[in-house]
Amino acid sequence: MKISFRAALALLVIFLAACAAPAPKSKPDSPLILISIDGFRADYLDRGLTPNLSALAADGVRAEAMRPAFPSLTFPNHYTLVTGLYPDHHGIVNNTMVDPVLGKFSYKKSAELSGRWWDGAEPLWVTAGRQGVRSGTMFWPGSDVEIRGGRPDYFLPFNGKMTPEQRVEQVLGWLDLPADRRPRFLTLYFEQVDHESHDHGPNSPEADAALRTIDSTIGRLVDELKKRNLYAKTNMVIVSDHGMTAVSDQRNVLLDRLIDLTHVDLVTAGVLTGLNPKPGYEDEVEKALLAAHDHVQCWRKGEIPARLHYGTNPRIPAIVCAAEDGWQLQTQSFLDRPNARHGGGEHGYDNADPNMRALFVAHGPAFKHGLVVAEFDNVDVYPLLAQLLGVRPEPNDGNAATAREMLR
Ligand code: AMP
Ligand code: ZN
Ligand code: ZN
């Protein structure tokens, strides 16, 4: 075969370039388990009720606190954790929303609704899947929906009746699969602490009992990982989505006293109220709500303080009102409902509120030992997770320096 001088030169250049380029980084093979304990306020870790979590923190990394994204609600924050985007940017702006095209979203029926609610962002399990990393999600908001054509390799539809133990069993079952089917990115989700703190308050014996239950479930996961010789190579990132504050019937501001409720479409009320004035009533409603009120502050969506990163998404109503810690802006008809909750706990407040502070504990071969880091924003978790998986992240709002500080 004759080969021209030019072609030979080109081949030589390609050969030399290949020699000079660094070898493609082999992907880390450690499993990553992302665990969410819904409603676990940062200081719950100091109650002396969670020895297994404390042991992981002592041997790994803990944050003094993690700042949730605003609003400090479950669905917006869980999606922030797996996308690195503020809710305004990923589109899950509340647990309950109205979209100009898609209509109404309720977190309670999220699995039945279009994946288009979620496709303002790509969750980590989809990105990981495209890059050859399998995932198994033992519940996570959005994990039971097809998003941008992808799903976790293994997932279950949300079922609150599945016990914490059964959820751990499922994760272990996935880790026991043969290597060619085994997921490397796993999630685990527990709502019990959130539920008990809502029903009985953050300082209740019931909330404490739920803390103990979930902590011992995590202890069991650790024991089972050890039995399988997996503990030393598994990275665990344990977070919550927000904290919790005690509320009371004595701390309700009545929305009916501020505006004529027939002049608005009310999207949400309570800790975070969102509403759209009906045509012709814009000025009247704005005048009433934007004025100064005790315990509640309202804004036009475009005028929400920049630090909250909230207000550009079309799913955010025209007027947003945030209640002061421990307070709620409620309608009389809601308070009169037979199943209305009286007292207990709530969240959804300003993300700078100390009671909304969330949990961050991480442990595993990638992490430093015994490090306590200062409070950081939960948008930073996503670049950390992507790095642990060796996955190229999607564009995000997170700061990669947070991961650099924690990793060995
Ligand atoms: P909230 O505390 O009001 O923000 O709502 C949180 C509740 O959402 C949890 O306590 C769960 O009962 C529920 N939940 C959590 N994950 C899912 C999910 N993937 N699908 C449906 N509901 C969920
Ligand atoms: Zn939550
Ligand atoms: Zn909750």
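Q: What makes the pair formed by ligand 1 and the side chain of Asn 95 a polar contact?
A: In this predicted model, an N or O atom in the side chain of Asn 95 is 2.8 Å from an oxygen atom of ligand 1. A polar contact is a pair of N or O atoms within 3.5 Å; within protein, one must be able to donate a hydrogen and the other to accept it, and residues adjacent in sequence count only if both atoms are side-chain atoms. The Asn 95 pair therefore qualifies. Polar side-chain atoms of Thr 74, at 2.6 Å, and of Asp 194, at 3.0 Å, also lie within that limit of an oxygen atom of ligand 1.

Q: How much of ligand 1 does the protein bury?
A: Ligand 1 exposes 500 Å² when taken alone, and the protein buries 88% of that (Shrake-Rupley method, 1.4 Å probe).

Q: On what basis are the values and numbering given?
A: Because the model is predicted, local features need pLDDT of at least 70 and side-chain atom pairs pLDDT 80 or more, whereas totals for chains, interfaces and linings use all residues. Side-chain values use heavy atoms, without hydrogens and water; residues are numbered from 1 along each chain as its sequence is written, and chains are lettered from A and ligands numbered from 1 in the order written.

Q: How do you know which residues coordinate the zinc ion (ligand 3)?
A: Donors are N, O and S atoms within 2.8 Å of the metal (3.2 Å for Na, K and Ca), and water is not among the atoms, so sites may look incomplete. Two OD entries of Asp 194, NE2 of His 198 and NE2 of His 347 coordinate this ion at 2.0 to 2.5 Å, and therefore meet the cut-off for zinc. Their spacing along the chain is D-x3-H-x148-H. His 198 lies in helix α7 and His 347 in the loop between β17 and β18, so the pair ties together parts 149 residues apart in sequence.

Q: Why is Asn 229 called exposed, buried or partly exposed?
A: Buried means under 20% relative accessible area, exposed over 50%, and partly exposed in between (1.4 Å probe, protein chains only). Asn 229 has 67% relative accessibility and so counts as exposed. Arg 148, at 37%, counts as partly exposed, whereas His 198 and His 347 are buried.

Q: What makes the phi of Arg 148 notable?
A: Most residues other than glycine have a negative phi. Arg 148 is not a glycine, but its phi is positive, about 50 degrees.

Methods: Helices (H or I, at least four residues) and strands (E, at least two) are DSSP runs, numbered from the N terminus.
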